[in-house]
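Hi there,

Here is the structure I promised to pass along. Have a look at it first, and then read on for what turned up.

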Amino acid sequence: MTDYSKLISPHINALAPSGIRKFFDIAASMQDVISLGVGEPDFVTPWAIREAGIYSLEKGHTHYSANSGLIELRQEICNYLGRKYNLSYDPKAQVLVTVGGSEAIDLLIRAIISSGDEVLIPEPCFVCYKPCTLMAGGTPVTIQTEEKDNFRLTPEKLLEKITDKTKLLVLPFPNNPTGAVMTRKDLEAIAKIVEEHDLFVLSDEIYGELTYSGEHIPFASIEGMYERTVTVNGFSKAFAMTGWRLGYACGPAPIIKEMTKIHQYAIMCAPTTSQYAAIEAMRSCDDDVEYMRTEYDHRRRVMVNGFREMGLSCFEPLGAFYVFPNISATGLSSDEFATKLLYEKKVAVVPGTAFGECGEGFIRCSYAYSIKNIEKALERIGEFVQEHIK
Amino acid sequence: MKQKILSLLEQDSRLTASKVAIMLGIDEAAAAAAIKELEDENIILGYKALINWELTDREMTVANIELKLTPQRGGGFDTVAERIYKFPQVKSVTLMSGAYDLLVTVEGKSLKEVAMFVSERLAPMESVVSTATHFELKTYKKDGIIFTEKEKDNREVISI
């Protein structure tokens, strides 16, 4: 019999298996679970966008697009970045349409990271930066953000981890799982260090449209950072289009060019139907986005309030659609809390440790659910906390 | 702030002042006072349930009636509208632009009952020039709520 383990590349073998997978499988197999576990909107894609996708199929637009994406879509993305953030990109050279934001992350890391390069990753964060770095042969270096800093990346913490091998800094804000956002002042302080140490930045702004205290500030809009930043964004969160798998990267032309090279060989082009739908999203759906943001904002307050009423410390998230309450008062670890909560109360949340070691003592709860669902879940979690709090 | 409160209550009239306050990040007393004012100013006129009667045993027929009118000296259409909306069978009366003047919604137990109401009460009115009655057969969506299907969450239980 073939020994498949010998076939597996050492690079891939070295990737830590996802321990959380087992917990997910249990949650998925249980009946009547109330979930606060998802990382995607509960809204269905606005009808105008779906309709545009359907129309493109009717018209027979079922072919490949240009590798970088439909030029109309790239143009719309540039218009959007211009009108919202006053950022100017050349649709022909500085924008690449990808299969979700995650492909763009992988592409940038692969394009610039090789053996020996260090990538700075503030945790807790979305799970892909570390494995992508490892697969590219680089060395991930994590920075542990803290509740006392509102889970922001501070200049001090950044400086501590910079070496002469540091090449790339990942800025995952608004943050999944904490909901933290960086203010202009925070970003300016980071920008100064980036400049001094000649770093490049991957700014993952997939939750940029979902901020609840003033406008989102793209890192590329900070003085001197336009040249040093590839911004990753996409349609999944803002336009409730997760299943369409569509994202984009924009940044300096020479970097986008190399990313496009990998994309061309690995993917060819992003799904054409999704691209046509996305054109409609960029052109006419500001009101839909605003509506969803307002809804999330209401739920966000209900959830933060709910956890605080349970007696848990809960930092106020100002972005994305997650709250990250501190559950250490129960004396349970994140894993224990999530597992017991699932078995005892049939509520699914994600242990903070799924997003890095420093997520210990926290759980991620998504408010991409109806208020009714959130209230039911909070009630059960409240009972659970009552029973376990020390 | 009042606009925001109205949007919330329009979606769910059963929200308490305390819940409204939490959702908008304001003081509970302020929310309660604003709601009271909105009621006093007749901006909030009532709190009702949205019911799909088609799923119940109740016999009911709804018709939308287009009325063409001659306006009354002095009162314009308002006087006629008032004479019409005072009937308890009439659920709504709206002044329209275009081919007719008033759109009147009438509810009754049967087709016949509604038809009789139109021919005996509405049509003979002095200022009514003509009527056209349209019976509702099936409601797909009303007040922003879809009647024909229940929304289902088909997402994975957990995703990162």
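In chain B, B:Leu95 has B:Leu102 in strand 3 as its bridge partner. Before going further, please keep in mind that this is a predicted model. Strand 2 and strand 3 of chain B pair over 5 bridges in the antiparallel sense. The two make a hairpin with 6 residues between them, and B:Gly98 in the turn has a positive phi of about 100°.

That hairpin belongs to an open sheet of 4 strands in chain B, with the order 2-3-1-4 and antiparallel pairing. Which strands stand at the edges? They are strand 2 (90-95) and strand 4 (128-135) of chain B. Each has a single partner strand, so one side of each is left without a neighbour in the sheet. On average, neighbouring strands of this sheet are turned by 20° against each other, direction ignored.

On the other side of the hairpin's strand 3, chain B's strand 1 (residues 61-69) is joined to strand 3 (residues 102-108) by 7 bridges. These two strands also run antiparallel, and B:Thr61 stands opposite B:Gly108 in strand 3 of chain B. Helix 4 (residues 78-85) of chain B lies across strand 1, strand 2 and strand 3 of chain B. Against strand 2 of chain B, helix 4 runs at about 165°.

Now to chain A, beginning with its strand 3. How many of the residues in strand 3 of chain A are buried? The count is 6 of its 6 residues, so strand 3 is mostly covered. A:Glu118, A:Leu120 and A:Pro122 point one way from the strand, while A:Val119, A:Ile121 and A:Glu123 point the other way; all are buried. Strand 3 of chain A runs parallel to strand 4 (residues 139-144) of chain A, and 6 bridges join the two. Within that pairing, A:Glu123 stands opposite A:Gln144 in strand 4 of chain A.

Next, the charged pairs. Side chains of opposite charge can pair when their charged atoms come close. Over all chains, a search of the whole structure finds 28 salt bridges, and a few of those in chain A are worth a look.

One of them joins A:Asp286 to A:Arg83, with the closest N and O atoms 2.6 Å apart. A:Asp286 lies in helix 12 (residues 286-309) of chain A and A:Arg83 in helix 5 (residues 71-85) of chain A, so this pair ties together parts that are 203 residues apart in sequence. A:Asp286 is partly exposed, at 39% relative accessibility, and A:Arg83 is also partly exposed, at 45%.

Another salt bridge is formed by A:Lys167 and A:Asp117, whose closest N and O atoms are 3.3 Å apart. Because A:Lys167 lies in strand 5 (residues 166-171) of chain A and A:Asp117 in the loop between helix 6 (100-112) and strand 3 (118-123) of chain A, the pair ties together parts that are 50 residues apart in sequence. Are the two partners buried or partly exposed? A:Lys167 is partly exposed, with a relative accessible area of 32%, whereas A:Asp117 is buried, with a relative accessible area of 13%.

A further salt bridge links A:Glu209 with A:Arg293, and here the closest N and O atoms are 3.2 Å apart. A:Glu209 sits in the loop between strand 6 (200-204) and strand 7 (229-234) of chain A, and A:Arg293 in helix 12 of chain A, so the pair ties together parts that are 84 residues apart in sequence. A:Glu209 is buried, with a relative accessible area of 8%. A:Arg293 is buried too, with a relative accessible area of 15%. These two residues are part of a network of salt bridges that links A:Lys84, A:Glu209, A:Glu290 and A:Arg293.

Finally, a look at the surface and at the start of chain A. A:Tyr4, A:Leu7, A:Ile8, A:Ile12 and A:Met135 make a nonpolar surface patch of about 520 Å². One of these residues, A:Ile12, is found in helix 2 (residues 10-13) of chain A. A:Ile12 is partly exposed, with a relative accessible area of 40%.

A:Ser5 is found in helix 1 (residues 4-7) of chain A, and at 46% relative accessibility A:Ser5 counts as partly exposed. How many Å separate the C-alpha atoms of A:Ser5 and A:Asp90? The separation is 46 Å, for two residues that are 85 residues apart along the chain.

Happy to go through any of this with you.

Best wishes

Methods: Residues numbered from 1 in each chain as written. Chains lettered and ligands numbered in written order. Predicted model: local features only at pLDDT ≥ 70, side-chain atom pairs only at ≥ 80, totals over all residues. Heavy atoms only, no water. Patch = residues over 30% accessible without salt bridge, like charges linked within 9 Å, V, L, I, M, F, W, Y side chains within 5 Å. Areas by Shrake-Rupley, 256 points an atom, 1.4 Å probe, with all protein chains shown as cover. Salt bridge = Lys/Arg side-chain N within 4 Å of Asp/Glu carboxyl O. Buried < 20%, exposed > 50% of the residue type's maximum accessible area, 1.4 Å probe, protein only. Pairing = 2+ DSSP bridges. Axes fitted to C-alpha atoms, helices over the stretch in contact; angles between N-to-C directions. Contact = heavy atoms within 4.5 Å.
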